Amino acid sequence: MNKNKEISNLANNELLLVMLELNKISEQHNTESNLNENIINHVLSIPGKQLRPSMTIISSKIWNEDVDYKVIKMATAVELLHIATLVHDDTVDFADTRRGEKTASNIWGPHIAVLVGDFLFATSAEYVCDTESIRLIKQFASTISDLAKGELKEIENSNNVDSKIEDYLDIIFKKTGSLFATSSMSGALLGGAKEKDINTLYSFGKNLGLGFQIFDDILDFEGDESQLGKPVGNDLKNGIMTYPSLLARDRNKNIKKDIEELFNLPKNKREDAVTYVVKEIKSSGFIDESISKASKIIEKAIEDLESVQKKNIFIDSLIDLAKFSMNRDK
């Protein structure tokens, strides 16, 4: 059974309300815009996994099955924030496609894409304010700061074959783990959990996000382009060192040399070199070691959930989500 689908089913009614909120944003932009194309609609309508809003909703339901409007507002906020980061990431990376569809920067250019991302950031903040929780507003602001710092640090480390594993782990916390953590802890807080459990759900989200991102980076080596919605080897092509390539660099001098030579090439001439380096890393056993690392982190996320005294179908579904994250193909 697809565990991602299972968690969505438990939050299905609430996710529909989140989608209605996104549609309202799109429709409002449509009435205000003089353009023939609805830029906001294009960005908001590309189907995603809806993991983060699902986590907010389910984390709330652990303590209160009756979800109120504040949870919907928060779930909408985390989804908007996630989409905003994707728009900015695609612009910075000069990505042509996202989830099999053309990116905003590809269609309308980087200037408009950056403004679209800024609009979504600001709108997400408005939704958080609707929760009327100063703590969540501060947490959300901190998350936005982490996302920006993570992207900046990744750019600073790009095309650097000697970048550190510690920097990589900090980057993936800031770019992925921070929003996962905010998604789950905000649901627990709004659901009425005690302080200890709110902190535990934060730790769960953080560990799930870290493991999820390492698995995502692994898919960049052995995934399928038609499933991923982006080219395999895209990270290396963009000069980004992820866990498998960092391991390979530290353990194999020839691979380190190959990566260095790849990074010295102009980006538009890296295709063949990327294919070769990806093949070398896959055949050298570093993918399996990366899978082991990501699995151990996600096992910590499961341990977090198992430490919560509250036991019900909703906490079980988050455990299932964590287990499913170790066996995903996109």
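**Figure 1. The surface of the protein in this predicted model.** About 15,500 Å² of the protein is exposed, and carbon and sulfur atoms supply 48% of that area. Under the surface there is plenty to find as well: buried residues make up 53% of the 330 residues.

**Figure 2. The charged side chains of the protein.** Look for 41 positive and 52 negative side chains here. If you mark the centre of each set, the two centres lie 4 Å apart.

**Figure 3. The fold as a whole.** Tracing the chain takes you through 17 helices and two strands. The radius of gyration is 20 Å, close to the 20 Å that the globule rule gives for 330 residues, so the protein is as compact as a globular protein of that length. Along the principal axes, the C-alpha atoms fill a box of roughly 55 × 55 × 35 Å. Now consider the contacts in the protein with a separation of 6 or more: residues 24 or more positions apart account for 76% of them.

**Figure 4. A close-up of Val67 and its neighbours.** You can find Val67 in the loop between α4 (51–61) and α5 (69–92). Its relative accessible area is 22%; buried means under 20% and exposed means over 50%, so Val67 counts as partly exposed. Leaving aside residues up to four places away in sequence, Val67 touches Glu14, Ile57, Lys61 and Ile72.

**Figure 5. Val67 and Phe180 in one view.** Along the chain, these two residues are 113 residues apart. In space, the C-alpha atoms of Val67 and Phe180 are separated by 19 Å.

Definitions and conventions
Residues numbered from 1 in each chain as written. Predicted model: local features only at pLDDT ≥ 70, side-chain atom pairs only at ≥ 80, totals over all residues. Heavy atoms only, no water. Helix = DSSP H or I, 4+ residues; strand = E, 2+ residues; numbered from the N terminus. Rg over C-alpha atoms; globule rule 2.2 N^0.38 Å. Buried < 20%, exposed > 50% of the residue type's maximum accessible area, 1.4 Å probe, protein only. Contact = heavy atoms within 4.5 Å. Areas by Shrake-Rupley, 256 points an atom, 1.4 Å probe, with all protein chains shown as cover. Lys, Arg positive; Asp, Glu negative; His and termini not counted. Charge placed at Lys NZ, Arg CZ, Asp CG, Glu CD.
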